[in-house]
Amino acid sequence: MKRTIFVLILCAGFAAEGAKIEPPFQGDARPARNIMIGKKTVFTLKPGTKELEIVLAPEASRTTRFAAAELKTLLEQRLNTTIPVRAAPSGNGISFILGLQPLSKEAGIDKTLFCRDAFIIKSSGKRIYIAGIDDPRTDPAATLRMDIADQHYPRATLFGVYDFLERFAGIRFFFPGKFGTVIPKGTVEIPEISIFDRPDFEERRASIYDGIFSDDPNERTVLLTDHDGAKFFRTQPKQPNRNMDYLRFRMSTRWVPACHGITTLRFPRRFGKTHPEYFALDEQGLRYGDPKRPYPSQLCFNSDSPEVIYQDVKAFLSGQSAASRGIEQPFKRDNTFFYWHPQTHNEGVADLQPDDSYKECLCEKCRKRIGKTPREKSDFVWNYAINIAERLQKEKVDGWLTMMAYWPYDRIPSRKIPDNMFVMLSLRGPWSLGSPDEAKHHETLQAWHRALGRKVRLWNFALKWGNSALPGIPHSTPRHIGRYYRETAPWSCGAVLLTGGDYYIFSYLNHYIFSKVTWNASADVDTLLKDHCSAMFGAGAPEMLKFFDALEELWMKVAGKTVLTAAGPVNAIPSEYEIFTRIYSAEALKRLDVCCERARELASADPDSLERIRYIQAHFMNRLHEAASDYARRSDAVAAFRVRMLPLEPGEKVRLDGKLDDEVWRKRSPVFLQRMNRKPGTPQEETRAFLTFDEENIYVAFLCMEPEMNQIQTRIRKNDDPAIWSDNGVEIFLNPSGDRVNYYHIMMNSDGFVCDQKVRRAGNQSIFDPAWNSGIKPAVFRGKDFWSLEAAIPRSALPGFDGKTVIANFTRNQAKDSRIFHYSWTPFLENGYHDTEKFGTVVFTPEPDRSIVREGDFSGEKTHRNVFGAWVTHYYFPEGCFADYDDSTFIQGRRSLVLRTGNVPFFGVSQPLAFKSGTRYRLSYYVKLNNIRPAHRDGGVSMNIRESGKNRWFPQSGNFLSGESGWIRQSFEFTAGPDAGTQPGSIRPTLLSCDGSANFDAITVEELK
Ligand SMILES: [Zn+2]
């Protein structure tokens, strides 16, 4: 039994008689903060002083010794001196008396004064006492090399040491390493001190273990998953740097379970085979409980499963082992508290929250009892938890339970929540400030507070996740985080803030301000941020404050964006186009750079500050610029995705019979559609589309090859039935204004039924107006192995159509056999058919083809294994190398060329090209990289141009393309050398010293005038 520890760390002053387990939250039962600091300086410590000593009792715990070591190391650096550690005061100079010991007891400081995390700093004569309750068994120095779960033990003397160092020695802990730890120089002045402090939020956790910290080469990103497939700590374990931050930010010393506690009772392994009735019944009539299924612990609460959970929890709270209930414990910890699972059954608290991705049971009993309304459904889950809590109370089982209020069981329950249950409330958090949900958000928190009659724990989000993952863009929002926890403090006793992202440094100020405001909710955020800037950046502080404020303002346009829809305001992440052209625009990035440049000028006389400004500029701005240029590179590929279609000439007519036998179509080149997300070896039926116009109408035509005409599926549809997308058919998207926001969308099935609508794109959402009518009347023809469609749209229905260009896309829904295959002309779609930013451009004005490359679209016939029309490669492919046409992905025409290589020095396909000396050319091509792994620095993909007896590379050596990408466009200019006219020239897409494959298409070389 390891329970004795609870007695030792009790808040002896106000613990109830007979209570064995410290409650996880004590709220206002704790003594109040009381800070008194004299105005006059009592001691002035000069650099090099020999007056200091640290006094540790011989029996001091390793936790107290660790606090002494931190004080010694940091103060020695601060004062450029050495500080001895003694067992008793020497009587000379100033003594720091550390921890609870006989000397502090003599001074009236003993453990009855404290609650968890509370410390005293008190000066008296030539003594400074720093003390709080410390864990007697943990070895913090060893624990630093362990997991986050091991960082939970009382260490209040250490908190007192950090407070002393920050408050009186000006030391700051912003992030690990020399740039993030600020140790000023000069004298330290110490006034008369009487401090009693403890945190306002009893729980303080942020995801400081997420994201890459590039200063530490030892860091690994590891995601732990436990036996039932439940994701465990989303952290990078065993990282002394992060753990050190955790200590110095004074974050939680106790892990209070809060997340899907049922999963670690391991129902699937214990009962998956023997008691299938314990598990929820799904739509297919199958029970959950198969450990291989995602989220398998979905339970039927109308079975005996609540009884099993009750017995498990009772055993845990009564100090029985997990094994006594047949539960395996995969996590071994030897130095701290009694637990079954550090995340869910820990220190006298058990978490009752159902498994993630909650599924309601569909068994007969549940269907009768769960109810229909959101309130009934929410109550149903809460009833299960409240029943267990009440029964434990009745049976006088000591201990606590937790539940998270999480959709769909997020309503305040109709029944009273018993006192032995603590509620965690999942709310959006800091980034809801300033949004239309802000008022509702605070009202929800207050309503729970009223219903419970005590403070609520918060589970909040300020992380880059899903749509907002956006690599390279910093999500630094300290002002929102500070304001949020200041405002919610009256109703909250703890907070877990998820702050993960790609880079740790992006969130360092989020973590710092979170740690300060959750400790002291009356802390002034503006003062903290100004202090941070002057500590870090010296004279550059004002400009760096502007820099961080600008970053926050920009990010809130991303995370706080709201769009009005028919269903009310919704949060929407702006599109990439908006992000890089309107938010992180070239001008905005320039302004940020200017802040850093000015700060560097201002701090030019102060090397330490200068180095920190450079560090921040490099870690924030380089990544932002990379993200912006990556977008520019990709969007350029879309902008250049153009096809020419000619308008009807006088006398030309389209006969609208559905057959594409008109002369009109024979004279024009179609665009070809490609099947989206097609797996190699699966079929793709040729699909062509045409667009043209005359004075009256715009004409569209589709030819869809279909070997199984008897399998296609359509329905009879009312006009404007949006479900028509699920029929066999085609769709066209036209954006005459070219704004990629306001466009027209027409869906037609292969029986000629239509749904047409005007659409407005708002971020990644589309707002539909079905009232618009195109006036289209499609004619459909069914052949033996194809179907085709012709239709006219009156130009009067398409205001803004100027007959020069139109942004467009053509798609096909091949519905047969209960399956739908999607085809699109543009190969760039990322967010479904309505991803207007990825549409192509149809150009109606004749532009001569000026490229000197023949068959840059690979339209020539393959006449030999190594001859692709105008392009020729080695007759014998080198080992591991291969070239072929690829119709699964292309930019122009109906196919691209794919080259595969196996680490040979060169593999390419070439055609001769005649260059003129002294002439300037522009080379452009599209390339798609498929896991290109270079063997060395000069390996990768490039375009070789040979002229004047010289090889040129685009991009150049050292900068060859590698990795994985969708279609990207490359464009370069060069001037041909003096011997271009006499020496043979050539162009050759090439793979050099790498493995993997690359597709090439739309290769052009144009003479520039
Ligand atoms: Zn059921």
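In this predicted model, A779 in strand β29 has E790 of strand β30 as its bridge partner. The two strands run antiparallel and are joined by four bridges, with β30 covering residues 786-794. They belong to an open sheet of five strands, and the briefing below sets that sheet beside a second one, a zinc site and several individual residues.

**The sheet that holds β29 and β30**

- The strand order in this open sheet is β21-β23-β24-β30-β29, and the pairing throughout is antiparallel.
- The edges are formed by β21 (671-672) and β29 (779-782), each of which pairs on one side only.

**A second open sheet, with a helix packed on it**

- Another open sheet of five strands follows the order β37-β38-β45-β40-β43, again with antiparallel pairing.
- At its edges lie β37 (882-886) and β43 (967-975), which each pair on one side only, and the twist from one strand to the next averages 30°.
- Within this sheet, strand β38 (residues 896-902) is joined by six bridges to the antiparallel strand β45 (residues 994-1007), and V898 stands opposite N999 of β45.
- Helix α18 (residues 607-639) packs on the sheet by touching β40 (920-934) and β43, and the direction of the helix makes about 90° with that of β43.

**The zinc site**

- The zinc ion has four protein donors, the SG atoms of C300, C361, C363 and C366, which lie 2.2 to 2.3 Å from the ion.
- The site is tetrahedral, with angles of 105 to 115° among the four donor atoms; for comparison, the ideal angle for four tetrahedral donors at a metal is 109.5 degrees.
- Along the chain the donors follow the spacing C-x60-C-x1-C-x2-C.
- Distant parts of the chain are linked here, since C300 lies in the loop between α7 (267-271) and α8 (305-317), whereas C361, 61 residues apart from C300, lies in the loop between β13 (349-351) and α9 (364-369).
- Two of these donor residues can be described by their accessibility: C300 is buried with a relative accessible area of 2%, and C361 counts as buried at 3%.

**Buried residues and their surroundings**

- H345 lies in strand β12 (residues 345-346) and counts as buried because its relative accessibility is 1%, under the 20% limit for that class.
- The side chain of H345 makes a polar contact of 2.8 Å with the side chain of T344.
- When residues up to four places away in sequence are left out, H345 touches P257, G261, T264, L265, F316, Y339, W340 and A350.
- V754, in strand β27 (residues 754-762), is also buried, at a relative accessibility of 10%.
- Apart from neighbours within four places in sequence, V754 is in contact with K718, N719, D720, I724, I746, M747, M748, I776 and P778.
- The C-alpha atoms of V754 and A935 are separated by 54 Å, and these residues are 181 residues apart along the chain.
- Helix α12 (residues 478-488) has P478, H480, I481, G482, Y484, Y485 and T488 as buried residues.
- These buried residues of α12 pack against α11 (438-452), β16 (456-461), β17 (492-498), α13 (508-519), α14 (525-537) and α15 (541-559).

**Backbone geometry that merits a closer look**

- Most residues other than glycine have a negative phi, and most peptide bonds are trans, which is the background for the cases that follow.
- The peptide bond joining W407 and P408 is cis, with omega of about 0°, and P408 lies in the loop between β14 (400-405) and β15 (421-426).
- A cis peptide bond also runs from F954 to P955, with omega near -5°, and P955 is found in the loop between β42 (950-954) and β43.
- Y295, in the loop between α7 and α8, has a positive phi near 45° although it is not glycine, and at 39% relative accessibility Y295 counts as partly exposed.
- R740 likewise has a positive phi, of about 60°, without being a glycine; its place is in the loop between β25 (729-735) and β26 (742-749).
- R740 counts as buried because its relative accessible area is 16%, which is under the 20% limit.

Notes. Residues are numbered from 1 along each chain as its sequence is written. This is a predicted model: local features need pLDDT of at least 70, side-chain atom pairs count only at pLDDT 80 or more; totals for chains, interfaces and linings use all residues. Side-chain values use heavy atoms; hydrogens and water are left out. Buried means under 20% relative accessible area, exposed over 50%, partly exposed in between (1.4 Å probe, protein chains only). A polar contact is a pair of N or O atoms within 3.5 Å; within protein, one must be able to donate a hydrogen and the other to accept it, and residues adjacent in sequence count only if both atoms are side-chain atoms. Contact means heavy atoms within 4.5 Å. Two strands pair if DSSP finds at least two bridges between them. Donors are N, O and S atoms within 2.8 Å of the metal (3.2 Å for Na, K and Ca); water is not among the atoms, so sites may look incomplete. Four donors count as tetrahedral if all angles lie between 85 and 135 degrees; four count as square planar and six as octahedral if opposite donors are over 155 degrees apart and all others between 65 and 115; anything else is irregular. Axes are lines fitted to C-alpha atoms, for helices over the stretch in contact, and angles run from 0 to 180 degrees between N-to-C directions.
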